[in-house]
Amino acid sequence: MDQVYLIVIFLFVLFLLLGSGVWVGLALLGVAFVGVELFTTRPTGDVMITNIWRASSSWTLTALPLFIWMGEILFRTRLSEDMFRGLSPWLARLPGGLVHTNIVGCTVFAAVSGSSAATLTTVGKMSIPELRKREYPETMVIGTLAGAATLGLMIPPSLTLIVYGVQVNQSITKLFMAGILPGLVLALMFMGYVAIMSQVSSKFKPAKDPVMTFTEKVKNSRFLIPVILLIIVVIGSMYLGFATATEAAAIGVIGSLILAASQRSLNWKSFSTSLMGAMRTSAMIALILAGAAFLSQSMGFTGLPRGLADLIAELDLTRFELLMVLLIFYIILGCFLDGISSVVLTMAVVEPMIVQAGIDIIWFGIFVVVVVEMAQITPPIGFNLFVLQGMTNHEMNFIAKAAFPMFLIMVVMVFLLILVPDIATILPETMWESAGGG
Amino acid sequence: MVAMRVLRRLLDWLYTGCGILAAIFLVAILLLIVLQMSARWTGEIFPGAPEYAGYCMAAASFFAFASALNHGSHIRVSIVLNLLSRRAKRIVDGWCFLIGAALAWYFTYYAFQAIYWSWLFNDISQGQDASPIWIPQMAMGIGAGVFAIALTDNLLHVLFFGDNRIKTDIIEQSHGE
C-alpha cells in the first residue's frame with residue numbers, strides 16, 4: 001500500500017510542476033528528483049549527473065541541431081515565393097485548384113524541415129495572400145494549411161521522430177524511412193478532400209489564372225529544382241545507406257547553405273540569425289530530453305512502467321483496444337502538452353506496454369506522430385493554430401473550426417495505419433543498412 | 001544604481017556570450033561530422049569523432065540554455081498562467097522561477113562535484129578519443145551555472161518589478177515542433 005501512496009505523491013508533483021508552468025524540461029527534472037528521493041536510497045545528485053551527461057553528449061542527438069539549422073536556413077531563403085510560383089501552374093487545373101499548393105508545398109518543405117510550424121510559416125507566407133487574392137474560401141485556405149503543415153512532423157527529417165528514436169533507442173534512419181509513405185498517403189488524403197469539397201461546395205468559385213504552356217510552366221518551376229535535388233540527396237543517402245541520419249543532416253546543412261548562396265539570400269545576417277535560432281530551438285529540446293532521460297530512470301525506480309505493462313497484460317486487451325486507449329490518451333494529453341513533451345513524458349511508461357503487446361516499435365513511432373500531429377491543430381494549445389492566428393488575425397475558434405476536417409482525416413489515417421501497417425514498415429525493411437549504424 | 005546598471009549589462013553579456021559560444025559548438029558539430037564523413041569516404045579513419053561531436057552537442061545545449069530562456073524558447077504549459085489575474089500570475093511566475101532556479105543550482109552543484117571527482121581520479125572517456133572526461137564536462141557545469149544565474153536573475157526581477165524579462169516568441173518556440 002505504501003508503494004501506491006508514493007506513486008500518488010510522485011504523480012501529484014508531476015502535475016503540479018507541469019501545470020503551474022514550470023518549463024517542461026525543468027519540471028521533468030524536478031519530478032525525477034522527487035522519484036529518486038522517494039523510491040531509492042541512491043545518491044540522487046550523482047545519479048542525475050551521470051544520467052544527464054550520458055543523454056546530452058550522445059552522438060545520435062547531433063542530428064537534431066543540424067536538421068533544425070537546415071530548416072532555419074531554408075526558412076530564410078526565397079523558397080516561399082519559389083514554392084508558390086513553381087507549384088501553382090501545375091496544380092491549377094486539378095479540382096480544387098490552387099488550394100493544392102498548400103498541401104504540395106507543405107509536403108515539399110516538410111522534406112527539408114523537421115518542424116510543423118516552420119513548414120506552415122514558409123508555405124503560408126506566400127500562399128495565404130495569393131489564394132485570398134483569387135477568392136478561394138477562407139476556411140479552405142486556412143484549414144488545409146494547418147492540416148498539411150503537420151506533415152512537417154511526419155515526413156523526414158522530423159524532430160519528433162528524432163526525439164522518439166532517442167527515447168526508445170531505435171535507429172533514427174529507420175524511423176525516418178517509416179514516415180515517408182504515411183506522410184505521402186496523408187497528403188493525398190488531404191488533396192482528395194480538397195478535390196471533393198471543390199465540387200460539392202457552392203462557395204468554391206475562385207478566380208482562374210491564365211493557362212500556361214508547358215514551357216512556361218517549366219520555366220516557372222525551375223527554381224524548385226535545387227530544393228528537390230536537396231531532398232533527394234538527403235533522404236536518398238539515408239535510404240541507400242551512404243549516410244547516417246546525422247551525416248545526412250550535415251549534408252543537408254551544407255546543401256541549404258549552397259542553395260541560399262546561389263539565391264543570393266545568404267549574408268552574414270541571415271547566416272547568424274539562422275544559426276542562433278537553431279541554437280536556441282535545439283537547446284529547448286535538449287533541456288526537455290535531459291529532464292526526460294533522468295525521469296525515465298526515476299520512473300523505472302517507481303515500478304510504474306512495469307506495473308502498467310503487467311496491468312495491460314492482465315486486462316488482456318487486444319492490440320487494437322490498446323491502441324484505441326493510447327489514441328484517446330494522447331489526444332487528451334495533447335490538450336495540455338506540446339508534441340515533443342508528450343512523447344518524452346510518456347515513452348518510459350508506454351514503451352514496456354507496447355513491447356508487451358507485441359507492437360512494432362518503429363511502427364508505433366509513426367502512430368504516435370500522427371496522433372501528436374492532431375494535437376498541433378486542436379485547441380487549446382495547438383502550435384499551428386497560434387502561428388496561423390499570428391499570420392491571419394483570425395479568431396482561434398475560426399481557425400480551429402477550419403482545421404477540424406483535417407483532424408478527422410488524420411483520425412482516418414490512424415485507422416488506415418492500423419489496418420495496413422505495411423505503409424510504415426515497408427521502407428525501413430527494404431532500406432540498405434547504413435555504413436555507420438544508427 | 002550605477003553598480004546595478006553595470007551588473008545588468010554584465011549579465012546580459014554573459015547570456016549573449018554563452019549563446020554565441022553555443023552557436024560555435026553547433027558549427028563545430030557540423031565540421032566534425034563533415035570531416036568524419038570525408039575521412040570515411042577516402043578510406044581514412046578519424047578516431048573519436050563521434051565522441052567529440054557528442055561533447056560539442058552537450059556544450060551547444062548547456063551553453064544555450066540561458067539564452068533560450070531569455071528568448072522564451074523553452075516550452076512551458078501556460079494554460080493556467082494565462083487564466084490568472086495579474087497579481088496571481090506574478091506569484092505563480094515567481095514560484096516557477098524559484099523551482100527552476102533551485103533545480104538549476106542543485107544541478108550545477110552536483111555537476112561541478114562530478115567534474116571535480118573526474119579530475120581528481122583522472123577519469124578517461126571510454127570511447128576512442130580517450131580524453132580526460134572533466135574537460136568536456138566543464139561545458140555542462142558552466143552552462144548549467146549560467147542557466148541558474150539567468151533563472152535567479154528573472155526570479156529577482158519578478159519579485160522586485162513584478163514581471164520577468166522573457167521576450168515570449170511563439171514563432172521561435174513553435175519551430176521546435
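A cavity, in the sense used here, is a set of points on a 1 Å grid over the protein atoms alone where a 1.4 Å probe fits but cannot get out. Applied to this predicted model, that rule gives a count of six cavities of 30 Å³ or more.

**First stop: the largest cavity**

Begin with the largest cavity, which holds about 120 Å³ of space. Select Leu26(A), Leu29(A), Leu287(A), Phe65(B) and Phe107(B), which are the closest to its centre among the 14 residues of its lining. If you then colour by helix, you will find that α2 (24–39) and α15 (268–302) of chain A, as well as α2 (49–70), α4 and α5 of chain B, each contribute at least two residues to this lining. Sorted by class, the lining consists of twelve nonpolar and two polar residues, with no charged residue.

**Second stop: the second largest cavity**

Move next to the second largest cavity, with about 70 Å³ of space. To display its lining, select Phe67(A), Ile68(A), Gly71(A), Glu72(A), Ser113(A), Gly114(A), Ser115(A), Ala118(A) and Leu159(A), and add His175(B) from chain B. Helix α4 of chain A, residues 63–75, gives the largest share of this lining, namely four residues. By class, the lining here divides into four nonpolar, five polar and one charged residue.

**Third stop: a loop serine in chain B**

Now select Ser125(B), which sits in the loop between α4 (86–120) and α5 (134–161) of chain B. Is Ser125(B) buried or exposed? Its relative accessibility is 10%, and because buried means under 20%, Ser125(B) counts as buried. Show the side chain of Ser125(B) and look for two partners: a polar atom of that side chain lies 3.0 Å from the backbone nitrogen of Gly127(B), and the side chain also makes a polar contact, at 2.8 Å, with the side chain of Asp129(B). Leaving aside residues up to four places away in sequence, Ser125(B) touches Glu51(B), Tyr55(B), Ala130(B), Ser131(B) and Ile133(B).

**Fourth stop: salt bridges**

Side chains of opposite charge can pair when their charged atoms come close. Over all chains, the structure holds twelve salt bridges, and a few of them are worth selecting in turn.

In chain A, select Asp82(A) and Arg78(A), whose closest N and O atoms are 3.7 Å apart in a salt bridge. Asp82(A) is buried, with a relative accessible area of 3%, whereas Arg78(A) is partly exposed, at 32%.

In chain B, centre the view on Arg8(B), and follow the salt bridge between its side chain and that of Asp12(B), with an N to O distance of 3.3 Å. These two residues are separated by about one helical turn, because they are four residues apart in helix α1 (residues 2–41) of chain B. Both ends count as partly exposed, Asp12(B) at 27% relative accessibility and Arg8(B) at 24%.

Which parts of the chain does the pair of Arg8(B) and Asp153(B) link? In this salt bridge the closest N and O atoms are 2.7 Å apart, and the pair joins distant parts of the chain, with Arg8(B) in helix α1 and Asp153(B) in helix α5 of chain B, 145 residues apart. Asp153(B) is buried, with a relative accessible area of 10%. To finish, add Arg165(B) to the selection, since salt bridges that share partners join Arg8(B), Asp12(B), Asp153(B) and Arg165(B) into one network.

Technical notes:
Residues are numbered from 1 along each chain as its sequence is written. Chains are lettered from A and ligands numbered from 1 in the order in which they are written. This is a predicted model: local features need pLDDT of at least 70, side-chain atom pairs count only at pLDDT 80 or more; totals for chains, interfaces and linings use all residues. Side-chain values use heavy atoms; hydrogens and water are left out. Buried means under 20% relative accessible area, exposed over 50%, partly exposed in between (1.4 Å probe, protein chains only). A polar contact is a pair of N or O atoms within 3.5 Å; within protein, one must be able to donate a hydrogen and the other to accept it, and residues adjacent in sequence count only if both atoms are side-chain atoms. Contact means heavy atoms within 4.5 Å. On a 1 Å grid over the protein atoms alone, a cavity is a set of points where a 1.4 Å probe fits but cannot get out, and a pocket is an open set with protein on both sides within 12 Å along at least five of seven lines; lining residues have an atom within 4 Å of a point. Grid points are joined across faces, edges and corners, and a volume is the space filled by probe spheres set on the points. Ala, Val, Leu, Ile, Met, Phe, Trp, Tyr, Cys and Pro count as nonpolar, Asp, Glu, Lys and Arg as charged, and the others, Gly among them, as polar. A salt bridge is a side-chain nitrogen of Lys or Arg within 4 Å of a carboxyl oxygen of Asp or Glu.
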